[in-house]
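Got your viewer open? Let's take a walk through this model, one selection at a time.

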Amino acid sequence: MSTDNNLKLVVLASGGGSNFQAIAESIKLGQLDASVSAVVSDVPQAGVLQRAAALGISSAVVDFDAYEQRPDFDQAMRQQVAALDPDLVVLAGYMRILDTEFVDHYAGRLINIHPSLLPRYRGLHTHRRVLADGARKHGATVHFVVPKLDAGPIIVQAELTVDPEDDENGLAARVLRLEHVIYPLAIQWLSEQRLTISGDTVLLDGYRSAQQYLSEGDINA
Ligand code: GRF
């Protein structure tokens, strides 16, 4: 860990990178004591790479399609991230499952954002599934990563009430707005060393806090 209380982040992303951008902007605004060493993507055309270039942040690609064997890709990704020596690895729309060696190596220093109120709706197409079920509540979760998919200790969640008018894209956009607030917040708590993991629970300042469950109303207020 850096001694200057300024967390060195490596962001892994496969897609558009709006969460990466929210994190980078929070840093610029002085709301987040961290720096992004680099963005690493498994997709050479990922929009996140353009966003990184526009922000002057370095990036690297470990092209998934360039590897015939999955273990070779996993090893290349491990080596790429290790070379950047991160304090914290931030998954921001990274669409591959990390191998156990990676997850174990960064235990407690590897976080993800997921577009649902975990443990509900693990996996893909969360907005579609929420709408199909007629669920009333939906949202986003930042959690530590463990080998089981979308299952690690929860740091912070933000919830909204599903509107009967919401379609999949509209709901995704509402959830993304929540993500852009809670991801920088979770990283700031880590930077301030305010989080501890106690079994399956994450404590903020030593206890389970109401601040760890926000509503869309709190966030838009
Ligand atoms: C977000 O909804 C995130 O929760 C999920 O993938 C999406 C990434 O969006 N894991 P972006 O690339 O950060 O815009």
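Where does Asp150 lie? Select Asp150 and you'll land in the loop between strand 6 (residues 137–144) and strand 7 (154–161). Helices here (H or I, at least four residues) and strands (E, at least two) are DSSP runs, numbered from the N terminus.

Two notes before we go on. You're looking at a predicted model, where local features need pLDDT of at least 70 and side-chain atom pairs count only at pLDDT 80 or more, while totals for chains, interfaces and linings use all residues. Residues are numbered from 1 along each chain as its sequence is written, and side-chain values use heavy atoms, with hydrogens and water left out.

**Stop 1: some unusual backbone spots**

Most residues other than glycine have a negative phi, and most peptide bonds are trans. Stay on Asp150: its phi is near 55 degrees, a positive value in a residue other than glycine. Is Asp150 buried or exposed? With a relative accessible area of 9%, Asp150 is buried (buried means under 20% relative accessible area, exposed over 50%, partly exposed in between, using a 1.4 Å probe and protein chains only).

Now pick Gln193, in the loop between helix 6 and strand 8 (195–198). Gln193 isn't a glycine either, but has a positive phi of about 55 degrees. Its relative accessibility is 58%, so Gln193 counts as exposed.

Next, show the backbone of Leu118 and Pro119. The peptide bond from Leu118 to Pro119 is cis, with omega near 10 degrees. You'll find Pro119 in the loop between strand 5 and helix 5.

**Stop 2: helix 1**

Select residues 18–28, which make up helix 1. How many of the residues of helix 1 are buried? Nine of the eleven are, so helix 1 is mostly covered. Color these ones: Ser18, Asn19, Phe20, Gln21, Ala22, Ile23, Ala24, Ser26 and Ile27. They pack against strand 1 (7–12), strand 2 (34–41), helix 2, strand 4 (88–91), strand 5 and helix 6. Contact, by the way, means heavy atoms within 4.5 Å.

Zoom in on Ser26 in helix 1. Ser26 is buried, with a relative accessible area of 9%. Leave aside its neighbours within four places in sequence, and Ser26 is in contact with Gln31, Leu32 and Pro184. Then step to Gly30, just after helix 1, which takes a positive phi of about 75 degrees.

**Stop 3: helix 1 with helix 2**

Two packed helices are described by the angle between their axes and the distance between the axes. Add residues 47–55, helix 2, to your selection. The axes of helix 1 and helix 2 come within 9 Å and cross at roughly 20 degrees. (Axes are lines fitted to C-alpha atoms, for helices over the stretch in contact, and angles run from 0 to 180 degrees between N-to-C directions.) Helix 1 and helix 2 are therefore roughly parallel to each other. For angles, under 35 degrees counts as roughly parallel, over 145 as roughly antiparallel, 65 to 115 as roughly perpendicular and the rest as oblique.

Which residues meet here? From helix 1, Ser18, Phe20, Gln21, Ala24 and Lys28 meet Val48, Arg51, Ala52 and Leu55 of helix 2. The residues of this contact divide into five nonpolar, two polar and two charged. (Ala, Val, Leu, Ile, Met, Phe, Trp, Tyr, Cys and Pro count as nonpolar, Asp, Glu, Lys and Arg as charged, and the others, Gly among them, as polar.)

**Stop 4: helix 1 with helix 6**

Swap helix 2 for helix 6, residues 168–191. Helix 1 and helix 6 pack at an angle of about 50 degrees, with their axes 9 Å apart. That makes helix 1 oblique to helix 6. On the helix 1 side, look for Ser18, Asn19, Ala22, Ile23 and Ser26, which meet Leu176, Glu179, His180, Tyr183, Pro184 and Ile187 in helix 6. The residues of this contact divide into six nonpolar, four polar and one charged.

**Stop 5: helix 5**

Finish with residues 126–133, helix 5, where Thr126, His127 and Val130 are buried. They cover an arc of only 100 degrees around the axis, which puts them on the same side of helix 5 (the arc is that of the directions from the helix axis to the C-beta atoms). What covers them includes strand 5 (110–114), strand 6 and helix 6. Last click: Gly134, just after helix 5, with a positive phi of about 65 degrees.
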